[in-house]
Amino acid sequence: MMKTSDIPEGELTLRTLAMPGDANPAGDIFGGWVMAQMDLAAGIRAGERARCRVVTAAVKEMAFQRPVKIGDTLCIYTSLERIGRSSITLTIEAWAQRYLTPIMEKVTAATFVMVALDKERPAYGRCRPLVGVRSVRTTLDPANASYQVRPRQTMNGPNHQTDEPTQNA
């Protein structure tokens with residue numbers, strides 16, 4: 001069962017508006033559309049981390065708690081959970097900001113496993129080792145409304161298996 005919390009966990013990676021073309025006749029947004037947005041966010045975050053092409057290898061257990069309605073803003077939050085030799089495991093949360101209100105409700109969450117592909121041999125789809133790749137976190141500087149890039153820790157050797165995200169002060 002999915003745990004619930006009052007605030008989203010992770011980094012806001014994607015925001016999009018739920019439109020009538022994404023809904024059934026009752027006005028509920030299709031679950032497949034929500035899952036596709038989560039997959040896009042997983043690809044963005046994993047690609048930034050791997051600095052190469054990534055593909056979805058697996059999606060683990062997804063249960064919908066609440067519907068998304070036409071006009072809601074779907075907000076996708078991502079957290080890096082594990083960095084393997086060629087894979088990245090992320091926890092993805094989908095939250096709906098209800099139409100014309102500040103109300104945010106958790107819709108669903110899932111674990112996505114993304115695999116980095118070697119750009120030298122894209123036709124073969126061979127996995128690219130991630131060891132030694134540095135992660136970058138971008139933060140918005142409200143003073144001048146521009147993004148500043150801070151490097152995260154460099155991974156320590158071939159046996160390093162996790163990525164510890166930095167905490168914002």
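**Exercise 1. The nonpolar core**

Find which residues touch the most other members of the largest nonpolar core in this predicted model, and which element gives the most to this core.

*Solution.* Start with the core itself, which has 28 residues. Within this set, Val-34, Met-38, Val-68, Ile-76 and Leu-90 touch the most other members. Next, sort the core by element: α1 (31-50), β3 (73-83), β4 (87-97) and β5 (104-116) each supply at least two residues. The leading contributor is α1, with seven residues.

Now zoom in on Met-38. Setting aside neighbours within four places in sequence, Met-38 is in contact with Met-62, Ile-76, Ile-92, Ala-94, Thr-108, Ala-109, Ala-110 and Phe-112.

**Exercise 2. The order of the sheet**

Work out the order in which the five strands form the sheet, and which strands stand at the edges.

*Solution.* Take the pairs one by one. Strands β1 and β3 run antiparallel and are joined by six bridges; here Thr-16 stands opposite Leu-74 in β3. Further along, β4 and β5 are antiparallel too, with eleven bridges between them. Strand β2 (residues 54-60) is joined to β5 by six bridges, again in an antiparallel arrangement.

Put together, the order reads β1-β3-β4-β5-β2, an open sheet with antiparallel pairing. The edges are β1 (11-17) and β2: each has a single partner strand, so one side of each is left without a neighbour in the sheet. From one strand to the next, the twist averages 30°.

**Exercise 3. A closer look at β5**

Find the bridge partners in β5 of Val-54 and Ile-92, then decide whether β5 is mostly covered or mostly open.

*Solution.* On the β2 side, Val-54 has Ala-116 as its bridge partner. For Ile-92, the partner in β5 is Ala-110. Both Ile-92 and Ala-110 also appear among the contacts of Met-38.

Then follow the connection to β4: the two strands form a hairpin with six residues between them. In the turn, Leu-100 has a positive phi of about 60°. Finally, count the buried residues: ten of the 13 in β5 are buried, and the strand is thus mostly covered.

**Exercise 4. The cysteines**

Determine how many disulfides the structure holds, and classify Cys-52 and Cys-75 as buried or exposed.

*Solution.* A search of the whole structure gives zero disulfides. For the classification, use the cut-off for buried, under 20% relative accessible area. Cys-52 has 13% and is therefore buried. Cys-75, at 2%, counts as buried as well.

Terms used: Residues are numbered from 1 along each chain as its sequence is written. This is a predicted model: local features need pLDDT of at least 70, side-chain atom pairs count only at pLDDT 80 or more; totals for chains, interfaces and linings use all residues. Side-chain values use heavy atoms; hydrogens and water are left out. A nonpolar core is a set of buried Ala, Val, Leu, Ile, Met, Phe, Trp, Tyr and Cys residues joined through side-chain atoms within 4.5 Å. Buried means under 20% relative accessible area, exposed over 50%, partly exposed in between (1.4 Å probe, protein chains only). Helices (H or I, at least four residues) and strands (E, at least two) are DSSP runs, numbered from the N terminus. Contact means heavy atoms within 4.5 Å. Two strands pair if DSSP finds at least two bridges between them. Axes are lines fitted to C-alpha atoms, for helices over the stretch in contact, and angles run from 0 to 180 degrees between N-to-C directions. A disulfide is a pair of cysteine sulfur atoms within 2.5 Å.
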